[in-house]
Structures are given as structure tokens and as C-alpha cells.
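Biologist: I should like to examine how the terms applied to a structure follow from its values. Please show me the sequence and the model.

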Amino acid sequence: MTVQTPAPAGEDRAYLDFVLGLKQYFATTLYAKLHDQYDAAGSLNELPAYPLFEWLERNTQKMMWRRLEAMVRPHAPALEASLDALPLNPLGSLHLDPNLELPEYYTETEFHIQPGGVWSGAANTFVYEVGAKIVMLGQNDDYRFHRLFVETAIPPGDYGDILDLGCGFGKSTRPFVDAFPGARVVGIDLSAPNLKLAHHQAERLHKRIAFYQRKAEATGFPDAAFDLVTATMLIHELPMPVLRQVLQEALRVLRPGGLLAVLDFARTGDAFHDAVMDGHGPRNNEPYMAHLFKIDVPRLLTDVGFVAAEVLPFDERGGGLREDCTWPARSDWHFPWVVIRATKREAA
Ligand SMILES: C[S@@+](CC[C@H](N)C(=O)[O-])C[C@H]1O[C@@H](n2cnc3c(N)ncnc32)[C@H](O)[C@@H]1O
């Protein structure tokens, strides 16, 4: 059975184009205007147009998810059945754990304002897939962004075993199969629907990936089982004690000399951009983002036991990793992407 995410058409398309147009407006025209005003006033809260920016950011996101929900929901039973019909003769595998208890920090927040999160029903993973694509305003239609991470931020190496933490529906995992064709590639996530979709998509694209329903903070894999552990857009969704556990777990499952490579967000040092990003967390239901911005990430990695920890800006619309450590010059509102890398000490 083919698993096909419904694509917006007709009135849905028109509605979503309107919402995406509003997103474009606040991210470009309104943001640039605020920036000019901020340079004069020095505080976001004094700017008359900032409440409008905040309202548009939160409510366009809500509007987008609600419309996608309404679009996908009528197809939910058929989509669920298509997810449950496992691919024939798979290259990879799917290992769900019906007894896995989902942590409260995960179930109590509707991250990104997506109703029901990505885990509470089969339809949610399809809503997430189409939302994750269109929210990038046409900039990530072929998942170039995820490929760019692998192509520019992972140093050449002999990575025989690769683990992707919080793999979602596999768009962060698949580029590792292309880049390291001989490797065993494993993706883990908490969401069963995400993992089912990940498995179907990987098989359709002939990518050999083993997907497991496991926690990033307690993966259940043996010590020193991987050469590379990666996570894209996971760590800003974790409470601080869990982030520490996840890093400890990554260290445990890495072989000596193995690499941890994370793609996430950080402060840029640009007061205006950082102030807007501070507000983004609460506006977009990302309750743990603020903690990530407060801590010294290389120091945390060093405390946990990693060596050579570094944080480098990443330009998702340009050349990816910025080895020279500078931020791309952009006048629009955009995520401050960074690559966080650290190594497990070589055996003595
Ligand atoms: C923003 S999505 C990113 C998905 C994917 N890495 C990508 O780049 O498209 C975060 C993913 O992490 C998963 N997740 C969150 N907390 C987790 C945890 N403690 N252990 C494993 N997965 C987790 C979520 O279910 C979700 O699929």
C-alpha cells in the first residue's frame, strides 16, 4: 500500500498561501521595520509594531496547523491503515515499543503549536510532514537543508555505525545513507506514527535504515556501538536535565574518537535578533529553548566528558557550515542555526 501525504489543493492551497504570505510579510517587511526602530529605541518592548509581529508569528502558525489538521483529518483512517501495512521485503526495519512510556515533558507541550504534537495519532505525522515542508516557505522542498548539514558539517571519516536521535519521519536520517553508503544507519524517536512514516518513506526511497522507538536519553544500545551520533532540531525541545542525560547517553554509545554532531539553534550576539528569538520560544510553544540559550553549550559538553566541543554558525540558505564562525548577513527573520560538534576522547 502506498503511503501518500495529502497535498494542499483548491481552497486549502489558497488559504495556506494566504497564511504563508502573512508569514513572509512579518519575516521580511515587518522585521526589517522593527530592526530600524530597534536601533533607535534599544528595546523591543517599546516598539509599537512589536505586538503585531508577535501576534502574526503565533497566529499564522496556529492558522497553518488548524488548516492542515482539517485537511488531513478526514483521511485519518485510510492514512492510519496505510501506515500500518508494513512495506514488503524491506531493506531496513521498524522496531516499535508499545510499552515505552512517553515522558511528560514531551506529551504536555504541543511543540510548534501543532495540535496533539507529532505522537498522539497517525494523522499527526502527516500533518507534521506537510507543515514542516511548507513552513520553510519553499526553501526546503527537497530537504536540501538536511543534506547540507551532512555534506558540510560532518567531516570525512570512516563512520561504520550512525545514530540519529529524534529522527522524526526520517528526513534528517536519510542523507546519512547517501553520504555513507556502507554504514549501518539507525534512527530513534519517541513518536510511533513518525517512525512508521519514516520507515515507509525510507523503503520507498530504497534507503536501508533501522528505526527504533526509543528515548534519546536512554537508547538501550550497547556501549561504544556508534562512530557518529547526530540530532537535528532535537535538543531545543529538551528540559535541561534531560539534555544532560542525552549528551551522557551519546557519549556512552559512541566509540572512542567518535563524533557527536548536532544541528540546532544558538544566540548570535546580535542584540535585536537574539531578543526576537527569546520571544520566539514562548510564541511557538518551545518551553525549553530559553534554557538552551542561557547555557554555555561547549562547557556542558566538556563537563559531560566530550573533548573538542565547538559551536559553528550554519547558513541553511547558503553554503551550510560557516567554518570562519561568522553569521550570514541577512535582513529577514530567520532561525539562528548552529552546528554543535564534540568528540569522545580516544582510548589511552
Ligand atoms: C523538531 S523534530 C525534528 C525531527 C528530525 N530530526 C528532523 O530534522 O526533521 C524533533 C523530533 O524529536 C523527537 N523527540 C523529542 N524528544 C525526544 C526524546 N527524548 N527522545 C527521542 N526523540 C525525541 C520528536 O518526536 C520529534 O520527532
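Biologist: How many aromatic pairs does the count come to?

Modeller: The model is predicted. Within it, the count comes to 20 aromatic pairs.

Biologist: What makes phenylalanine 26 and phenylalanine 53 an edge-to-face pair?

Modeller: Their ring centres are 5.1 Å apart, and centres within 6.5 Å make a pair. The angle between the planes is 80 degrees; because angles over 60 degrees count as edge-to-face, the pair receives that name. Phenylalanine 26 belongs to helix 1 and phenylalanine 53 to helix 2, 27 residues apart.

Biologist: Why is the pair of phenylalanine 145 and tryptophan 337 called tilted?

Modeller: The centres lie 4.6 Å apart and the planes meet at 50 degrees. That angle is neither under 30 nor over 60 degrees, so the pair is tilted. Phenylalanine 145 is in helix 6 and tryptophan 337 in strand 9, 192 residues apart.

Biologist: Are phenylalanine 145 and tryptophan 337 buried or exposed?

Modeller: Buried means under 20% relative accessible area. Phenylalanine 145 has 1%, so it is buried; tryptophan 337, at 2%, is therefore buried as well.

Biologist: What makes the charged end of arginine 67 sit over the ring of tyrosine 15?

Modeller: The charged end is 4.5 Å from the ring centre, against a limit of 6 Å, and the definition also requires a position within 35 degrees of the ring normal.

Biologist: Which atom of glycine 166 lies 2.7 Å from a nitrogen atom of the ligand, and why is this a polar contact?

Modeller: It is a backbone N or O atom of glycine 166. Because the limit for a pair of N or O atoms is 3.5 Å, the 2.7 Å distance qualifies as a polar contact.

Notes: Residues are numbered from 1 along each chain as its sequence is written. This is a predicted model: local features need pLDDT of at least 70, side-chain atom pairs count only at pLDDT 80 or more; totals for chains, interfaces and linings use all residues. Side-chain values use heavy atoms; hydrogens and water are left out. A polar contact is a pair of N or O atoms within 3.5 Å; within protein, one must be able to donate a hydrogen and the other to accept it, and residues adjacent in sequence count only if both atoms are side-chain atoms. Rings of Phe, Tyr and Trp (its six-membered ring) pair if their centres lie within 6.5 Å; planes under 30 degrees apart count as stacked, over 60 as edge-to-face and the rest as tilted. Helices (H or I, at least four residues) and strands (E, at least two) are DSSP runs, numbered from the N terminus. Buried means under 20% relative accessible area, exposed over 50%, partly exposed in between (1.4 Å probe, protein chains only).
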